[in-house]
Amino acid sequence: MNSNVQVIEEKVLSNNWYVLKKITFNYKNKSGEWQIQAREAYDRGNGAVILLYNAENQTVVLTEQFRMPTYINGNATGMLIEACAGLLDKDNPEDCIRREAEEETGYRIGEVKKVFEAYMSPGSVTEILYFFVAEFNKDMKVNEGGGAEHEQENIEVLEIPFKKALEMIETGEIKDGKTIMLLQYAQINALL
């Protein structure tokens, strides 16, 4: 652990959906002085995200669903186009993303390739996100997707030409950070 950090107190502020804590701590700055600081941290667990791509058809599978936080922050419809993703829920990242891909998109994916991991909002959220890519084809389709009914996801599955998906970043039709990162990864690494 970091010898420049001494946790003084952890206080649970909310435990409704996930856990929001206020952490008060001493932090030793560059000049060697100790400062008392307080931060809030939202712990929702870790997650995984995947870009499904079809090199032959030059397409990617994305999802669209309502996201309340975007709605209250200016997204007029609240609808967001995203790569398939989900929380680990005690699974390892590979098993999680295979489960989520089938639930959300209807594709049963075998081999997945982990490409990197990242903290998406490190100033306030504890989550680390594991990023994957995998090829898909029509023979892997086992159901319609749409998400788990008990999770009230109401997901629409979209198969989009890769070039169009990149254009959708520029036009603002795709604004989700994890999705942008994976689309740019696919472009940089010439997956399509």
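Hi everyone, let's start with the largest pocket, which holds about 1200 Å³ of space. A word on terms: on a 1 Å grid over the protein atoms alone, a pocket is an open set of points where a 1.4 Å probe fits, with protein on both sides within 12 Å along at least five of seven lines. Its volume is the space filled by probe spheres set on the points, which are joined across faces, edges and corners.

Please remember that this is a predicted model, where local features need pLDDT of at least 70 and side-chain atom pairs count only at pLDDT 80 or more, while totals for chains, interfaces and linings use all residues. Residues are numbered from 1 along each chain as its sequence is written, and side-chain values use heavy atoms, without hydrogens and water.

So, what lines the largest pocket? There are 30 lining residues (each with an atom within 4 Å of a point), and W17, R44, R67, E82 and K178 lie nearest the centre. By class, 12 are nonpolar, seven polar and 11 charged; here Ala, Val, Leu, Ile, Met, Phe, Trp, Tyr, Cys and Pro count as nonpolar, Asp, Glu, Lys and Arg as charged, and the others, Gly among them, as polar.

Next, the second largest pocket has a volume of about 240 Å³. Its lining includes I23, F25, R39 and Y119, and the classes there are six nonpolar, three polar and two charged.

Finally, the whole protein: of its 192 residues, 40% are buried (under 20% relative accessible area, 1.4 Å probe, protein chains only). The C-alpha atoms fill a box of roughly 60 × 35 × 35 Å, taken along the principal axes. Thanks for listening!

How values were computed. Buried < 20%, exposed > 50% of the residue type's maximum accessible area, 1.4 Å probe, protein only.
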